[in-house]
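Here is a short set of exercises to work through with the structure beside you. Try each task on your own before you read its solution.

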Amino acid sequence: MDEQSAAYWKRNVKLVAMLLVIWFVVSYGFGILFVDALNSIEIAGFELGFWFAQQGSIYVFVALIFVYVAKMNKLDREFGVREDDD
């Protein structure tokens, strides 16, 4: 693997790891570990900890997919990587 490929994959893995940490904190941390603290806050009549456990982590996951696509498209342009149309 040449230097440019190694740098590309290093940045790719760093991005994926960062997004997985965010997802873990939101889904496991907010939905399970910090639920008691978050339940003191209400949104539309629902406790925030309950909301994160039921819906919030899913919304964050979908948002992270869009963030990943945007960041990878930028990274691909930066390194001159493109998909071949077959």
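**Before you start**

This is a predicted model, in which local features need pLDDT of at least 70 and side-chain atom pairs count only at pLDDT 80 or more, while totals for chains, interfaces and linings use all residues. Residues are numbered from 1 along each chain as its sequence is written, and side-chain values use heavy atoms, with hydrogens and water left out.

**Exercise 1. The charged pair**

Task: Find out how many salt bridges there are, and explain which parts the pair ties together.

Solution:
- Step 1. Start with the rule: a salt bridge is a side-chain nitrogen of Lys or Arg within 4 Å of a carboxyl oxygen of Asp or Glu.
- Step 2. By this rule the count is 1 salt bridge. Its partners are Glu 78 and Arg 11, whose closest N and O atoms are 2.8 Å apart.
- Step 3. Glu 78 lies in helix 3 (residues 48-79) and Arg 11 in helix 1 (residues 3-33), so the salt bridge ties together parts that are 67 residues apart in sequence. Helices (H or I, at least four residues) and strands (E, at least two) are DSSP runs, numbered from the N terminus.
- Step 4. Check how open the partners are. Buried means under 20% relative accessible area, exposed over 50%, and partly exposed in between (1.4 Å probe, protein chains only). Glu 78 has a relative accessible area of 46% and Arg 11 has 38%, so Glu 78 is partly exposed and Arg 11 is partly exposed too.

**Exercise 2. The inside**

Task: List the residues of the largest nonpolar core and say which helix gives the most to this core.

Solution:
- Step 1. A nonpolar core is a set of buried Ala, Val, Leu, Ile, Met, Phe, Trp, Tyr and Cys residues joined through side-chain atoms within 4.5 Å.
- Step 2. The largest such core has 7 residues: Tyr 8, Leu 15, Leu 19, Leu 64, Met 72, Leu 75 and Phe 79.
- Step 3. At least two residues of this core come from each of helix 1 and helix 3. Helix 3 gives the most, with 4 residues.
- Step 4. Look at one member, Leu 75. Contact means heavy atoms within 4.5 Å. Apart from neighbours within four places in sequence, Leu 75 is in contact with Tyr 8, Arg 11 and Asn 12.
- Step 5. Now turn to helix 1. Its buried residues are Tyr 8, Asn 12, Leu 15, Leu 19, Val 26, Gly 29 and Gly 31, and they pack against helix 2 (35-38) and helix 3.

**Exercise 3. A buried charge and a buried serine**

Task: Work out what Asp 76 and Ser 57 touch.

Solution:
- Step 1. Asp 76 is in helix 3. Asp 76 is buried yet has no salt bridge, and the nearest side chain of opposite charge, Arg 77, is 7.7 Å away. For this purpose Lys and Arg count as positive and Asp and Glu as negative; His and the chain ends are not counted.
- Step 2. Not counting residues up to four places away in sequence, Asp 76 touches Tyr 8 and Val 81.
- Step 3. Ser 57 is also found in helix 3, and its 11% relative accessibility counts as buried.
- Step 4. With neighbours within four places in sequence left aside, Ser 57 is in contact with Trp 23, Val 26, Ser 27 and Phe 52.

**Exercise 4. The outside**

Task: Name the residues of the nonpolar patch on the surface and trace where its largest share comes from.

Solution:
- Step 1. Patches are made of residues with over 30% relative accessible area and no salt bridge; like charges are joined within 9 Å, and nonpolar side chains (Val, Leu, Ile, Met, Phe, Trp, Tyr) within 5 Å.
- Step 2. The patch is formed by Val 16, Leu 20, Trp 23, Ile 58, Phe 61, Val 62, Ile 65, Phe 66, Tyr 68 and Val 69, with about 870 Å² of accessible area together. Accessible areas come from the Shrake-Rupley method with a 1.4 Å probe; for residues, only the protein chains shown count as cover.
- Step 3. Helix 1 and helix 3 are the elements that give two or more residues, and the largest share, 7 residues, comes from helix 3.
- Step 4. Take two members from helix 1: Trp 23 and Val 16. Trp 23 is partly exposed at 33%, and Val 16 is partly exposed at 31%.

**Exercise 5. An unusual backbone angle**

Task: Describe the phi of Ala 44 and its place.

Solution:
- Step 1. Most residues other than glycine have a negative phi.
- Step 2. Ala 44 is not a glycine, yet its phi is positive, about 55 degrees.
- Step 3. Ala 44 sits in the loop between strand 1 (42-43) and strand 2 (46-47), and is exposed, with a relative accessible area of 73%.
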